[in-house]
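Reader: I am new to this structure. Please show me how to read its features.

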Amino acid sequence: MIEQSPAIRGLFPIPVYIVKRDTNLTPREEKEIGRIVKEGMYKNYGNSTSSNSDIFNGKLKKIKQYCEQHIKIYVEQIINPKQELDFYITQSWLNITKPGGFHHVHNHSNSILSGVFYISTQEGDSICFIDPNADIKNTIVFEYKDWNKWNSVTTYFPVSEGKLVIFPSYLEHYVEPNLTQETRISISGNIRYEKI
């Protein structure tokens with residue numbers, strides 16, 4: 001009798017889509033970001049957010065197109081709907097995280113997908129996602145020799161300027177405090193769909 005080697009399989013993975021734009025911000029995009037900041041920012045818990053929650057309306061058209069292109073790929077390859085659906089960005093806003101600032105643990109209700117496009121980052125910046133089953137997994141806690149994808153309840157993804165991260169809106173996430181003297185800037189957005 002031939003003994004088969006054991007296999008470990010992951011069940012029900014959560015798709016997080018990451019891609020990096022191959023061009024830097026254009027001078028026009030930099031000016032438009034400056035205008036968004038001048039239009040007004042309001043103090044959020046740990047950071048500041050643009051008072052305009054639809055910044056892609058008339059501004060940053062190339063970044064919006066880039067995001068829409070990759071939302072389409074995410075939908076086709078991951079959601080893979082049988083019927084024709086129109087996925088569209090419902091909200092888009094600018095985030096500014098000054099030194100010492102952070103983004104608290106949150107998710108994005110009332111959407112199917114959410115995304116972040118990074119404008120200005122520092123070395124070591126990341127976004128952290130929390131396993132939706134963390135509470136269940138933490139009913140019994142061990143000390144681990146090493147963290148791995150099977151025993152971790154958080155996962156950090158390094159981010160850099162020009163990166164786009166798309167993920168299911170229900171997925172809780174946060175950004176650790178900015179320990180540099182520089183400001184982080186990103187654009188966040190939510191995505192919904194309707195039948196065509």
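**Reading the sheet**

Author: Start with the open sheet: seven strands in the order S1-S9-S6-S11-S4-S3-S2, with antiparallel pairing. Strands (E, at least two residues) and helices (H or I, at least four residues) are DSSP runs, numbered from the N terminus. Two strands pair if DSSP finds at least two bridges between them. This is a predicted model: local features need pLDDT of at least 70, side-chain atom pairs count only at pLDDT 80 or more, and totals for chains, interfaces and linings use all residues. Residues are numbered from 1 along each chain as its sequence is written, and side-chain values use heavy atoms, leaving out hydrogens and water.

Reader: Which are the edge strands?

Author: They are S1 (17-20) and S2 (41-43), and each pairs on one side only. From one strand to the next, the twist averages 25°. For such angles, axes are lines fitted to C-alpha atoms, for helices over the stretch in contact; angles run from 0 to 180 degrees between N-to-C directions.

Reader: How many bridges join S6 and S9?

Author: Strand S6 (residues 113-120) and strand S9 (residues 163-168) pair over five bridges, in the antiparallel sense. Take Val116: its bridge partner in S9 is Val165.

Reader: Which strands does helix H1 touch?

Author: Contact means heavy atoms within 4.5 Å. H1 (residues 27-39) packs on the sheet and touches S2, S3 (48-50), S4 (85-97) and S6. The direction of H1 makes about 75° with that of S4. Helix H2 (residues 61-79) also packs on the sheet, touching S1, S4, S6, S9 and S11 (184-195). The direction of H2 makes about 40° with that of S9.

Reader: Is Ile112 buried or exposed?

Author: The classes are buried (under 20% relative accessible area), exposed (over 50%) and partly exposed in between, with a 1.4 Å probe and protein chains only. Ile112 counts as partly exposed because its relative accessibility is 31%. Find Ile112 in the loop between S5 (103-106) and S6.

Reader: Which residue that is not a glycine has a positive phi of about 50°?

Author: That is Phe12. Look in the segment before S1. Phe12 is exposed, because its relative accessible area is 74%.

Reader: Where does Asn80 lie?

Author: Asn80 sits in the loop between H2 and S4. Its phi is positive, about 55°, although Asn80 is not a glycine. At 56% relative accessibility, Asn80 counts as exposed.
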